[in-house]
Amino acid sequence: MVCINESGGYGGKPTDLTGNYSLRRPDINSEAWRTYQLAEVKKLIDAGCTSFQQDDPVLNEYLTKWGGCYQPESKAQYTAYLAGETPSPALWQAFQQKSTTSYHQWLHTEARAYAKARNISVTLIFSANTWGGSTGWLTSYFDFFIAEAYSTPT
């Protein structure tokens, strides 16, 4: 379920000089991930949670910059997405952006339908964090965004 790069390692960006840190993110095109994620959201709804915060909402699209996500399900869906066009990095990123928006739309719709079926009358709220304009293409898929604030040494 975790995104891998073309060599089979984790797709990730080193965050320090040792290069020891990799971003390990799920492949949102993976049926196993979607099944797991929805089951967890249902558990939270059953426990009374009505507000959900998505950290790093760009998911697969973000990882295209750092060598991911080449899971078999992403590659198969990309081939179908190409519909005969020549593969390119720009099309790969566009595909992962489309997949990411589709994922959020799917998860939020499924969660709201589950809450309705459980006779939960409170509206579920979905929020996410943003880094400037980099997540603007996701605006319509969330109820609101918050900004991350990073501290700097004084």
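**Entry 1: the sheet**

I began with the strands and found an open sheet of 3 strands in the order S1-S2-S3, with parallel pairing. Which strands stand at the edges? They are S1 and S3 (144–147), and each has a single partner strand, so one side of each is left without a neighbour in the sheet. I also looked up the twist: neighbouring strands here are turned by 30° against each other on average, with direction ignored. A reminder to myself and to you, friendly reader: this is a predicted model.

**Entry 2: S2 beside S3**

Next I took one pair of strands. Over how many bridges do S2 and S3 pair? I noted 4 bridges, in the parallel sense. For a residue-level view I picked Thr 130, which stands opposite Ala 147 in S3.

**Entry 3: the loop between them**

I then moved to the loop between S2 and S3, where Thr 139 is found. Is Thr 139 buried, partly exposed or exposed? Its relative accessibility is 47%, and I count Thr 139 as partly exposed because that value falls between the 20% and 50% cut-offs. I also checked a distance from this loop residue: the C-alpha atoms of Thr 139 and Thr 101 are separated by 9.7 Å, while the two residues are 38 apart along the chain.

**Entry 4: Ser 99**

My next stop was helix H4 (residues 89–117), which holds Ser 99. Is this serine buried or exposed? Ser 99 is buried, because its relative accessible area of 7% is under 20%. What does Ser 99 touch, once its neighbours within four places in sequence are left aside? I wrote down contacts with Ile 28, Asn 29 and Arg 34.

**Entry 5: the largest pocket**

I saved the pocket for the end. The largest one has a volume of about 320 Å³. Of the 20 residues that line it, I listed those closest to its centre: Gln 37, Gln 53, Gln 54, Asp 55 and Tyr 103.

Which elements each supply at least two residues of the lining? My list reads helix H1 (31–46), strand S1 (51–54), H4 and strand S2 (125–130). H1 gives the most to this lining, with 4 residues. So my earlier stops come back here: S1 and S2 from the sheet, and H4, the helix of Ser 99, are among the suppliers.

Last, I sorted the lining by class, and you may like the tally: 11 nonpolar, 5 polar and 4 charged residues.

Technical notes. Residues are numbered from 1 along each chain as its sequence is written. This is a predicted model: local features need pLDDT of at least 70, side-chain atom pairs count only at pLDDT 80 or more; totals for chains, interfaces and linings use all residues. Side-chain values use heavy atoms; hydrogens and water are left out. Buried means under 20% relative accessible area, exposed over 50%, partly exposed in between (1.4 Å probe, protein chains only). Contact means heavy atoms within 4.5 Å. On a 1 Å grid over the protein atoms alone, a cavity is a set of points where a 1.4 Å probe fits but cannot get out, and a pocket is an open set with protein on both sides within 12 Å along at least five of seven lines; lining residues have an atom within 4 Å of a point. Grid points are joined across faces, edges and corners, and a volume is the space filled by probe spheres set on the points. Ala, Val, Leu, Ile, Met, Phe, Trp, Tyr, Cys and Pro count as nonpolar, Asp, Glu, Lys and Arg as charged, and the others, Gly among them, as polar. Two strands pair if DSSP finds at least two bridges between them. Axes are lines fitted to C-alpha atoms, for helices over the stretch in contact, and angles run from 0 to 180 degrees between N-to-C directions.
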